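Trainee: Could you take me through one part of this model in close-up? I'd like to hear how it sits among its surroundings.

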Amino acid sequence: MTFVIIDLETTGLSPYKHSITEIAAVRFDGNQVVDTFQSLVNPERHIPTFITKLTGINNEMVENAPIIQDILPEFISFLGEDIFVAHNISFDLGFLNYARYTHLGCYFSNPTLCTRKLARHLIPEVPKRNLGFLCEHFGITNTRAHRALSDVHATTELLKNYLRIMNSEWRKVEEFLG
């Protein structure tokens, strides 16, 4: 079973009003990361100051970066037919589906796995399910929170912990796929 763990940074919360500024992904074979994809993305709009303060991504950093329709085919190829994993997957998949439909006329059909939702099933006792809290819960260091590749690596470590829990409980990943 191969997973592609994905994270985006954006100019805001709505895929209809805002744009992607960074995309990162790793291919994880269940034991280790075997490939990495990362790119800044020119959002073709101004990045709000509060987003720059949160992510560290500013307008100058993305001015020569590819636009989403140019980077999307490479990302789609990287994802392949593997399991699409993200923390709060509805956010990332919403932006990527909007971009894919807008530029290519179709949506992603990969099986999906949300590490945020998995927390509810595998560790129901935790009071919060955001990535920062779950990293703290498992002792995972996220060196640059709110940067896509760092968040992807943190989510990968989170998934490793979940896989250990599922194995110890004799649960199968398939029961959680969307």
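Mentor: Sure, and let's settle a term before we start: a residue counts as buried when its relative accessible area is under 20%. Keep in mind, too, that this is a predicted model.

The part I'd pick is strand β1, residues 3-10. Eight of its eight residues are buried, so the rest of the structure largely encloses this strand. You can go through β1 face by face: one side carries Phe3, Ile5, Asp7 and Glu9, the other carries Val4, Ile6, Leu8 and Thr10, and all of them are buried. Both faces are covered, then.

Now for the strands paired with β1. Strand β2, residues 20-28, runs antiparallel to β1, and eight bridges join the two. Strand β4, residues 83-86, runs parallel to β1, with three bridges between them. Ile5 is a handy residue to click on here: its bridge partner in β2 is Val26, and in β4 its bridge partner is Val85.

Val26 also gives us a way over to another strand, since it turns up among the contacts of Val33. You'll find Val33 in strand β3, residues 33-40. Setting aside neighbours within four places in sequence, Val33 touches Val26, Arg27, Phe28 and Thr156. How open is Val33, then, in terms of relative accessible area? The value is 34%, so Val33 is partly exposed, whereas every residue of β1 is buried. One last distance to check on screen: the C-alpha atoms of Val33 and Thr2 are 10.0 Å apart, with 31 residues separating the two along the chain.

Notes: Residues are numbered from 1 along each chain as its sequence is written. This is a predicted model: local features need pLDDT of at least 70, side-chain atom pairs count only at pLDDT 80 or more; totals for chains, interfaces and linings use all residues. Side-chain values use heavy atoms; hydrogens and water are left out. Buried means under 20% relative accessible area, exposed over 50%, partly exposed in between (1.4 Å probe, protein chains only). Helices (H or I, at least four residues) and strands (E, at least two) are DSSP runs, numbered from the N terminus. Two strands pair if DSSP finds at least two bridges between them. Contact means heavy atoms within 4.5 Å.
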